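User: Could you take a close look at one helix of this model for me, and then follow the chain outward from that helix to the parts around it? I would like a connected account rather than a list.

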Amino acid sequence: MVAALVGLVLAALVVRAGWQVPVRMECPPGGDVCYSSSWFDVDWQRVNWELKPARIACFEPNPDDHAVIIGPGEECVRARGDGVILRSATYEQLQDEFQRRRVLALLLAAAMVLLPPLLTYVLVRRRRSPLLSGAGG
């Protein structure tokens with residue numbers, strides 16, 4: 001029972017990471033920088049649970065209302081202030097990356113839910129087998 005609960009908690013954490021679930025942000029008036037209030041305070045209005053994200057901001061599968069949304073054929077560039085490009089990716093590349101991440105998260109979550117009970121069953125059965133065969137003979 002404990003193994004199943006641990007598996008469910010781990011699966012939920014994996015899904016959260018795979019979908020890059022956004023946290024609620026606080027933006028001070030007139031400020032350019034926003035701060036997340038808490039890792040646990042999820043902004044459920046922004047979560048896109050579809051396998052393939054429909055709306056993508058630069059490097060973000062769950063954009064907020066103020067994010068600049070990109071579409072097919074467009075490109076995101078992340079650069080430092082001195083003009084050095086840190087990362088560049090097209091909409092299609094980002095969409096593929098987010099989809100791969102989500103599929104992997106689903107597979108890992110399924111494994112974390114299914115494996116603990118199966119392993120517990122196998123271990124319990126293995127421990128009981130010698131006792132049953134020894135008692136009958």
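Analyst: What follows starts with helix H1, moves to the core and the loops, and ends at the disulfide. The model is a predicted one, and every value below should be read with that in mind.

Helix H1 covers residues 2-18. With 17 residues at 1.5 Å a residue, H1 should span 24 Å, and its end C-alpha atoms are indeed 24 Å apart, so the expected and the modelled lengths agree. The buried residues of H1 are Gly7, Ala11, Val14, Val15, Arg16 and Gly18.

Several of these residues belong to the largest nonpolar core, which has nine residues in all: Ala11, Val14, Val15, Trp19, Val21, Val42, Val47, Ala105 and Ala109. Two elements, H1 and helix H2 (91-136), each give two or more residues to this core, and H1 gives the most, with three. A view of how the two helices meet comes from Ala109, which is in contact with Ala11, Val14 and Val15 when its neighbours within four places in sequence are left aside. Another core, of eight residues, lies apart from this one and has Ile70, Ala89, Tyr91 and Leu94 among its members.

Arg16 deserves separate attention, since this charged residue of H1 is buried and yet has no salt bridge. The nearest side chain of opposite charge is that of Asp41, at 8.7 Å, and a salt bridge would need a side-chain nitrogen within 4 Å of a carboxyl oxygen, so Asp41 does not serve as a partner. What Arg16 does touch, not counting residues up to four places away in sequence, is Val21, Val23, Trp39, Phe40 and Val42. Of these contacts, Val21 and Val42 are themselves members of the largest nonpolar core.

Beyond the end of H1, the chain comes to Gln20, whose phi is positive, near 50°. Gln20 is a residue other than glycine with a positive value of this angle, and its place is in the loop between H1 and S1. Its relative accessibility is 26%, so Gln20 counts as partly exposed.

Further along, Pro29 sits in the loop between strand S1 (25-26) and strand S2 (35-36). Pro29 has a relative accessible area of 85%, which is over the 50% cut-off, and therefore it is exposed. From C-alpha to C-alpha, Pro29 is 45 Å from Ala4, while the two are 25 residues apart in sequence.

The last stop is the loop between S3 and S4, where Phe59 is found. Like Gln20, Phe59 has a positive phi in a residue other than glycine, here near 60°. At 13% relative accessibility, however, Phe59 counts as buried.

A search of the whole structure finds one disulfide, and it joins Cys58 to Cys76 with an S to S distance of 2.3 Å. The link is left-handed, with -95° about the S-S bond. Cys58 lies in the loop between strand S3 (56-57) and strand S4 (69-70), whereas Cys76 lies in strand S5 (residues 75-79), so the pair ties together parts that are 18 residues apart in sequence. The two cysteines also stand in unlike surroundings: Cys58 is partly exposed, with a relative accessible area of 35%, while Cys76 is buried at 0%.

Note on methods. Residues are numbered from 1 along each chain as its sequence is written. This is a predicted model: local features need pLDDT of at least 70, side-chain atom pairs count only at pLDDT 80 or more; totals for chains, interfaces and linings use all residues. Side-chain values use heavy atoms; hydrogens and water are left out. Helices (H or I, at least four residues) and strands (E, at least two) are DSSP runs, numbered from the N terminus. Buried means under 20% relative accessible area, exposed over 50%, partly exposed in between (1.4 Å probe, protein chains only). Lys and Arg count as positive and Asp and Glu as negative; His and the chain ends are not counted. Contact means heavy atoms within 4.5 Å. A disulfide is a pair of cysteine sulfur atoms within 2.5 Å. The expected span of a helix is 1.5 Å times one less than its number of residues. A nonpolar core is a set of buried Ala, Val, Leu, Ile, Met, Phe, Trp, Tyr and Cys residues joined through side-chain atoms within 4.5 Å.
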